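Open the model in your viewer and keep the selection panel at hand. The tour moves from stop to stop, with something to select at each.

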Amino acid sequence: MIRSLTASAVLLALPTFALQAAPAMSAGEYVAKLGDCAACHTSEASKPLAGGKGFPTPVGTVYATNITPDKTHGIGNYSLPEFIKVMREGITRSGDPLYPAMPYTAYAKMSDEDLTALYHYLMQDVQPQAIANKASDIPWPLNMRWPLRGWNWLYHDDGRFTPVAGKSEEWNRGAYLVQGAGHCGSCHTPRGIGMQEKALTEADPLYLSGATLDGWYAPDIRGSRYDKQALIDLLKTGRSQHQAVSGPMAEVITHSSQYFSDADLASIATYLTGLDDEAPAARGNRAYASAGGKADYAMYCSTCHGNDGRGNDHVIPSLVGNQTVLAEDPSSLLNVLLHGAETPVTQGNIGYHMPGYGWTLNDQQIAELVNTLRASWGNEGVAIKPETVKAQRALHQ
């Protein structure tokens with residue numbers, strides 16, 4: 001999972017097209033789905049895995065590379081040991097370190113069996129694409145690669161996944177998928193001063209405790225915030241009875257988690273719901289419902305979400321107790337209200353679209369609407385100010 005699991009408080013009423021069921025896949029293709037390789041390494045649908053997609057960093061944009069078996073621009077000349085080295089250590093065939101935007105810090109935990117299956121899939125089943133890689137736009141001297149070896153020395157643990165004694169086989173399978181191929185911590189774990197993940201396993205309460213990335217908030221997914229069946233449904237279809245996924249996580253579901261086996265989905269849910277989840281107390285003044293916020297809710301939201309905020313099961317998410325509505329970081333909720341949202345298109349399931357209202361509601365009105373959502377139907381969230389809305393709006397202008 002490269003991006004955030006967002007149980008969005010959105011109006012999702014306009015259907016888009018559903019995907020057709022995919023044929024059975026090889027073991028290596030399944031590992032590629034587990035690792036969500038296509039989401040990062042495909043910038044054009046007609047050129048799968050040929051790279052070119054940009055990822056902003058604090059020092060510039062890094063572009064994903066061509067991982068097709070093309071011998072000039074791709075990985076066609078990689079031996080299996082060289083491939084495993086780049087996946088586990090972030091060191092290329094030529095000896096250059098990768099930027100840790102590539103989640104080799106998580107892939108290091110993967111088994112030899114899974115990495116070997118992935119290698120054979122990429123080399124034998126993927127169509128070569130003679131497309132040159134794009135250089136990063138990071139300026140000199142920040143674009144020098146040798147300091148990344150120091151980053152690896154400080155922050156990277158290339159040890160394999162080790163099952164936790166006393167835990168069930170299902171729990172450990174979930175831990176392996178979440179920590180390894182799924183690289184869920186890449187989005188859901190807060191980052192340190194070196195942009196490293198502050199924790200890599202459930203042993204540290206910071207692991208999967210929520211983080212802001214690319215203007216979206218990837219929420220805390222530890223423990224009982226989501227029940228097991230809701231997690232399974234969200235990862236499989238993008239919707240559960242009372243919740244829906246939008247934003248970057250929708251891409252993860254479309255490209256990756258919808259293809260997971262039922263057993264693997266259950267393992268992931270077992271692992272996540274079994275983690276300790278001592279949530280810190282919300283900081284800041286409590287939100288309150290204003291007359292203006294109530295009026296805008298009645299005009300723009302109540303038709304679909306209802307006067308009681310409970311939405312429509314399996315279609316329009318409930319706003320009552322919604323994690324996105326109540327998150328101390330309002331980034332995802334503001335993105336939805338300002339710009340709209342769309343649930344993922346998955347096998348046998350249409351996507352639903354919510355329009356954004358940034359074009360008609362000013363910063364003060366959006367702030368009042370957010371505070372009203374956070375203070376209604378038993379919700380108790382932290383108040384936000386118009387300045388927060390203004391800053392969020394500017395991120396996508």
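At roughly what angle do the axes of helix 3 and helix 5 cross? Select residues 80-89 for helix 3 and residues 112-124 for helix 5. Their axes cross at roughly 115 degrees and come within 10 Å. The crossing is right-handed. Keep in mind that this is a predicted model.

**Stop 1: where the two helices meet**

Stay with this pair and show side chains. On the helix 3 side, pick Leu80, Phe83, Ile84, Met87 and Arg88. Across from them, in helix 5, pick Asp112, Leu115, Thr116, Leu118, Tyr119 and Leu122. These two sets of residues are in contact. Colour them by class: the contact has eight nonpolar residues, one polar and two charged.

**Stop 2: an annotated site**

Next, select Cys37, Cys40 and His41. An unreviewed UniProt entry lists these three under "binding site". Now turn to helix 2, residues 37-41. Cys40 is found there, and so is His41.

Is Cys40 buried or exposed? Its relative accessibility is 12%, so Cys40 counts as buried, the cut-off being under 20%. His41 is buried too, because its relative accessible area is 13%, also under that 20% limit.

Which residues does His41 contact beyond its neighbours within four places in sequence? Select Leu49, Ala50 and Gly51, then Ala64, Thr65 and Ile67. Each of these is in contact with His41.

**Stop 3: Thr372**

Move to helix 16, residues 363-375, and pick out Thr372. This residue is buried, with a relative accessible area of 4%. Follow the side chain of Thr372 to the backbone oxygen of Glu368; the distance is 2.8 Å. Then look further along the sequence. Leaving out residues up to four places away, Thr372 touches Tyr288, Ala289, Ser290, Gly293 and Lys294. Select those five with Thr372 to see the contacts together.

**Stop 4: Ser332**

Last, select helix 15, residues 331-339, and find Ser332 within it. Why does Ser332 count as buried? Its relative accessibility is 3%, and buried means under 20%. What does the side chain of Ser332 reach at 2.9 Å? Add Tyr217 to the selection: the partner is its backbone nitrogen.

How values were computed: Residues are numbered from 1 along each chain as its sequence is written. This is a predicted model: local features need pLDDT of at least 70, side-chain atom pairs count only at pLDDT 80 or more; totals for chains, interfaces and linings use all residues. Side-chain values use heavy atoms; hydrogens and water are left out. Axes are lines fitted to C-alpha atoms, for helices over the stretch in contact, and angles run from 0 to 180 degrees between N-to-C directions. Helices (H or I, at least four residues) and strands (E, at least two) are DSSP runs, numbered from the N terminus. A crossing is left-handed if the near helix is turned anticlockwise from the far one by less than a right angle, and right-handed if clockwise. Contact means heavy atoms within 4.5 Å. Ala, Val, Leu, Ile, Met, Phe, Trp, Tyr, Cys and Pro count as nonpolar, Asp, Glu, Lys and Arg as charged, and the others, Gly among them, as polar. UniProt positions are given in the numbering used here, feature names are shortened, and annotations may be inferred rather than shown by experiment. Buried means under 20% relative accessible area, exposed over 50%, partly exposed in between (1.4 Å probe, protein chains only). A polar contact is a pair of N or O atoms within 3.5 Å; within protein, one must be able to donate a hydrogen and the other to accept it, and residues adjacent in sequence count only if both atoms are side-chain atoms.
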